[in-house]
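Biologist: Please show me the model, and let me ask how each label in its description was reached.

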Amino acid sequence: MGSLLIKNGMVVTATDQYQADVYIEGETVSMIGRKLEVSADKEIDAQGCYLFPGGIDAHTHMELPFMGTHASDSFETGTLAGLHGGTTTIIDFAIQTQGDTLEAALQDWHKKADGHAVGDYAFHCAVTDFNPETRKEIPKVIHEHGINSFKVFMAYKGALMVDDRQMFELMQELVEHGGIITTHCENGDMVDRNIEQNLAAGNTSPKYHVLSRPAICEAEAAGRAIDLAYQSGCSLYIVHTTCEESLARVKNATMRGQKVHVETCIQYLLLDESEYFKEGFEGAKVVMSPPLRKKKDQQALWDGINQNLVHHVATDHCPFCMDQKAMGKDDFSKIPNGAPGIENRFELLYSEGVVKNRISLNKFVEMSSTGAAKIFGLFPRKGTIAVGSDADIIIFDPQVKHTISADTHHMRVDYNPYEGWQVQGKTRTTILRGTVAIDEGKALVGEGFGKYLKRPPFKPLI
Ligand code: URP
Ligand code: ZN
Ligand code: ZN
């Protein structure tokens, strides 16, 4: 591999901002400085642009088999779309099939991703059936597969949900071997009863999705996960947090000295529950769990970011085309849960966050990249621009304005929840491990360019 010199850019990390040239040898950054006197195989002038660390999206579901269908993006199409938008690394969920092993799930996910992903990727291991055999597999998952994060679902009973006993025992096991638990927090039983009652009353349209999954379902589960984690001593990361009520439980936990890592997703910051009340079947586009919330919850999440209560803004990218969503035309509970976002997260967070003065430039980097890298053991290889780090760099033009549309996006899905949104700031060039992957909208790498990232046992950095 050759060398690359990026000249005149403004380097921005989670803590710093300075004008510098960045010199890359092979896959890593080897020098950063003012007016570097060095010759390189290739030079890029980044005058007027920010240099951000490659985005990390710690919550994706490529090709997820779910609710009788599959998420429509493959590892190839989904990670390529991510690269277009400024995301160079994903952490996807390898999900155990109940009754089967963790090993089988990991093999399955490697088969989908290895040799196909265009961007770099790691896996969380989702445990849906914690039994004596699963327990024995945990050390191997951590030490051989290089996976330090384990997911449990507190909803989707009969398919993915575990009970409190399973969750608690898994937490104890993770303390033993060096893992962090990540939780989908919704009270599955409460949700199922609400769905049952709504359907019995003839309430079948998409709006009953949100009406069956009120914030209290999420907050109750978040509180339970927090308490079980506290009692077991296990580190906890709550995925896709949506509401003020859940954040209140997190805040409360900090008062007894407990650290809770919190993820929200871009859609919960920008879209609200009024989407479900639109005409006809429109609301199906954003049927996801937990659902979109109220405007006051969006504000609580932005505040949470600035109060260091929220550590990462992911996507929960789980796209389904409209013909897949139509499976729930006559029954909202059959609409496949999930929505696209991987391509738009980075630019939307900049445009809606930094440009609108809701977050600082450094906070943008922390939320889009560094926070996830630090929590999940990718830092400092990923998540920053520093000597010795992987040269994953986004050359970002803060002046360029563009409009989001399904007609021009690269995700394999036939709608975009942000259709018509005006965005300020655009990923001009995406560099992944020293290679120009995307330049001015043109892909220069393809299927199989992405690398699997093994991670060390969990060690809290934030
Ligand atoms: O609706 C969602 N979130 N779909 C993906 C699965 C999950 O719960 O994360
Ligand atoms: Zn979830
Ligand atoms: Zn998810």
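The exchange below goes through the metal sites, the ligand, some backbone features and the salt bridges.

Biologist: What kind of model is this?

Modeller: This is a predicted model.

Biologist: What makes His59, His61 and Asp316 the protein donors of the zinc ion (ligand 3)?

Modeller: Donors are N, O and S atoms within 2.8 Å of the metal. The NE2 atoms of His59 and His61 and an OD atom of Asp316 lie 1.9 to 2.2 Å from the zinc ion (ligand 3), so they count. Along the chain, these donors follow the spacing H-x1-H-x254-D. Both His59 and His61 are buried.

Biologist: Why is the site of the zinc ion (ligand 3) called irregular?

Modeller: Four donors count as tetrahedral if all angles lie between 85 and 135 degrees. The angles among the 4 donor atoms of the zinc ion (ligand 3) run from 85 to 139°. The upper value falls outside the tetrahedral range, so the site is irregular. For reference, ideal angles for four tetrahedral donors are 109.5 degrees.

Biologist: Which residues coordinate the zinc ion (ligand 2), and what makes its arrangement irregular?

Modeller: His184, through ND1, and His240, through NE2, coordinate the zinc ion (ligand 2) at 2.1 Å. Its 4 donor atoms subtend angles of 56 to 147°, and therefore the arrangement is irregular. His184 belongs to strand S12 (residues 180-184), while His240 is in the loop between strand S13 (236-238) and helix H8 (244-254), so the pair ties together parts that are 56 residues apart in sequence. The two zinc ions, ligand 2 and ligand 3, are 3.6 Å apart.

Biologist: How do you know whether His184 and His240 are buried or exposed?

Modeller: Buried means under 20% relative accessible area. His184 has 1% and His240 has 2%, so both count as buried.

Biologist: Which residues come nearest to ligand 1?

Modeller: There are 13 residues around ligand 1, and Tyr156, His184, Ser289, Asp316 and Asn337 come nearest.

Biologist: What makes the pairing of Asn337 with ligand 1 a polar contact?

Modeller: A polar contact is a pair of N or O atoms within 3.5 Å. A polar backbone atom of Asn337 is 3.0 Å from a nitrogen atom of ligand 1, so the pair qualifies. A polar side-chain atom of His61 is 3.2 Å from an oxygen atom of ligand 1, and a backbone N or O atom of Gly338 is 3.4 Å from an oxygen atom of ligand 1. Of the 260 Å² of accessible area that ligand 1 has on its own, the protein covers 99%.

Biologist: Where do the cis peptide bonds of Pro290 and Pro380 lie?

Modeller: The bond from Ser289 to Pro290 is cis, with omega near -5°, and Pro290 is in the loop between helix H9 (266-270) and helix H10 (295-306). The bond from Phe379 to Pro380 is also cis, with omega near 5°. Pro380 is in the loop between helix H13 (361-375) and strand S16 (393-403).

Biologist: Why is Asn308 called partly exposed?

Modeller: Partly exposed covers the range between 20% and 50%. Asn308 has 47% relative accessibility, so the label fits. Phi of Asn308 is near 60°, a positive value in a residue other than glycine. Arg433 likewise has a positive phi, near 45°, but Arg433 is buried, at 2%.

Biologist: What makes the pairing of Lys136 and Glu133 a salt bridge?

Modeller: The rule asks for a side-chain nitrogen of Lys or Arg within 4 Å of a carboxyl oxygen of Asp or Glu. Lys136 and Glu133 meet at 3.1 Å, N to O, so the pair passes. The two are 3 residues apart in helix H3 (residues 132-143), separated by about one helical turn. By this rule the count comes to 32 salt bridges.

Biologist: How do you know whether Asp390 and Lys382, another such pair, are buried or exposed?

Modeller: Asp390 has a relative accessible area of 8% and Lys382 has 2%; both values are under 20%, so both residues are buried. Their side chains meet at 2.8 Å, N to O, in a salt bridge. Salt bridges that share partners join Glu27, Asp120, Arg381, Lys382, Asp390, Asp392, Arg433 and Lys451 into one network.

Notes. Residues numbered from 1 in each chain as written. Chains lettered and ligands numbered in written order. Predicted model: local features only at pLDDT ≥ 70, side-chain atom pairs only at ≥ 80, totals over all residues. Heavy atoms only, no water. Donors = N, O, S within 2.8 Å, 3.2 Å for Na, K, Ca; no water. Tetrahedral: all angles 85-135°; square planar, octahedral: opposite > 155°, others 65-115°. Buried < 20%, exposed > 50% of the residue type's maximum accessible area, 1.4 Å probe, protein only. Helix = DSSP H or I, 4+ residues; strand = E, 2+ residues; numbered from the N terminus. Near = heavy atom within 4 Å. Polar contact = N/O pair within 3.5 Å; in protein donor to acceptor, adjacent residues only side chain to side chain. Areas by Shrake-Rupley, 256 points an atom, 1.4 Å probe, with all protein chains shown as cover.
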